[in-house]
Number of protein chains: 2
Amino acid sequence: MKGVEGVVEVSKSRKVMKRGLSIMDLILRIIAIAATFGSAVAMATSHERLPFLTQFVHFRVEFDDLPTFMFFVVGNSIVCGYLVLSIVLSIFHIARTTAVKSRILLLFLDAVAMGLLVSAAAAAAAIVDIAHHGNPNANWFPICQQYSGFCRRISGTLIGSFIAVVVLIILILISALSISRIQA
Amino acid sequence: MKGVEGVVEVSKSRKVMKRGLSIMDLILRIIAIAATFGSAVAMATSHERLPFLTQFVHFRVEFDDLPTFMFFVVGNSIVCGYLVLSIVLSIFHIARTTAVKSRILLLFLDAVAMGLLVSAAAAAAAIVDIAHHGNPNANWFPICQQYSGFCRRISGTLIGSFIAVVVLIILILISALSISRIQA
């Protein structure tokens, strides 16, 4: 059986560990904000003008020519905005290590944000794949041969989103660990 | 201050509530298994043969003509398999309401499974959209005018996946609630 000092000792080390988890949570959120913000901006500013103009080839391509890329920008912007707001709760958790309900709320919202971000990134990736390789069975031809600069750019923007998705999964794990360490 | 009877009372009602959450977890898992299994099978068996054959129009279309639909079938199958295995842990949690580590593991794996399922469903949805409406800017023409039966089928299969995604988000919330109610 533990004495009173032992219990106090355990409770203190728990508090330190939970504060450590909360600080890690804050740092990861800032990384995810940078990643989603970068992806949204890089996609929203992507366009390419070709030096020639014929009857059959479009001479200019922009991200919003493909609605899926618009969804990508909107999805990344929403998740970025949510993450900025969630910083408030994250800081609150560093101060108040015993808060439970707000941690459950944050975990749930993180899961929803992850779902939105994955869907935006996966839909864009599917279209990028068609743009690169086309699909002979459906008679869709690759457009990346003409717009190679545009294609490189939109492929690159996907990376930021996928980094943010991995960070969000780690954030969900951290929240679960923090909740489990709270004595009721 | 509560008496010993009060503490025992609270502890009992906690146990009942946690068992309730665990049983709900099991039921939701069975629903998600049915949804992902249905989606995978419906997509994997989708094909259409046209009654005519010309030089320009492909006369037969199958789901694996489009690699994204193959990814959809594989993603749904993996998540379905994982959910079947997770039933074991779910039943274990009904019996042992105080297990914490296995609940955190389950929450984490559920989040990863949700990510995989969302990406499979969103990528397939992006391709289904191109199949339905095409994209004039990229000179991709809709194929659903020819293959209307095939298109209806593949659009329908998405529903199962999206139901399973919603169920997985609820499962993550249930796990978080269960973890928070465990006294350390």
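The legends below describe three close-up views of a predicted model.

**View 1. Surroundings of A:Ser161 in helix 4 of chain A.** Helix 4 of chain A spans residues 148–180 and includes A:Ser161. The relative accessible area of A:Ser161 is 0%, so this residue is buried, the cut-off being under 20%. Leaving aside residues up to four places away in sequence, A:Ser161 is in contact with A:Ser39, A:Phe72, A:Asn76, A:Leu117 and A:Ala121.

**View 2. The axis relating chain A and chain B.** Two copies of a chain are related by a rotation about an axis and a shift along it. Here a turn of 180 degrees with a shift of 0.0 Å along the axis lays chain B on chain A, with an RMSD of 0.0 Å. This is therefore the relation of a two-fold axis. B:Ala123 has the C-alpha nearest the axis in chain B, at 2.1 Å from it. The copies meet through the same surface, because 100% of the interface residues of chain B are also interface residues in chain A.

**View 3. The largest cavity and its lining.** Three cavities of 30 Å³ or more are counted, and the largest cavity holds about 70 Å³ of space. Helix 1 (4–44), helix 2 (67–95), helix 3 (101–133) and helix 4 of chain A each give two or more residues to the lining of the largest cavity. That lining consists of A:Leu21, A:Ser22, A:Asp25, A:Ser90, A:His93, A:Arg103, A:Leu106, A:Ile174, A:Ser175 and A:Ser178. By residue type, the lining divides into three nonpolar, five polar and two charged residues.

Technical notes: Residues numbered from 1 in each chain as written. Chains lettered and ligands numbered in written order. Predicted model: local features only at pLDDT ≥ 70, side-chain atom pairs only at ≥ 80, totals over all residues. Heavy atoms only, no water. Helix = DSSP H or I, 4+ residues; strand = E, 2+ residues; numbered from the N terminus. Buried < 20%, exposed > 50% of the residue type's maximum accessible area, 1.4 Å probe, protein only. Contact = heavy atoms within 4.5 Å. Least-squares fit on C-alpha atoms with pLDDT ≥ 70 in both. 1 Å grid on protein atoms, 1.4 Å probe; cavity = no way out; pocket = protein on both sides within 12 Å on 5 of 7 lines; lining within 4 Å. Points joined across faces, edges and corners; volume = space filled by probe spheres on them. Nonpolar A, V, L, I, M, F, W, Y, C, P; charged D, E, K, R; others polar.
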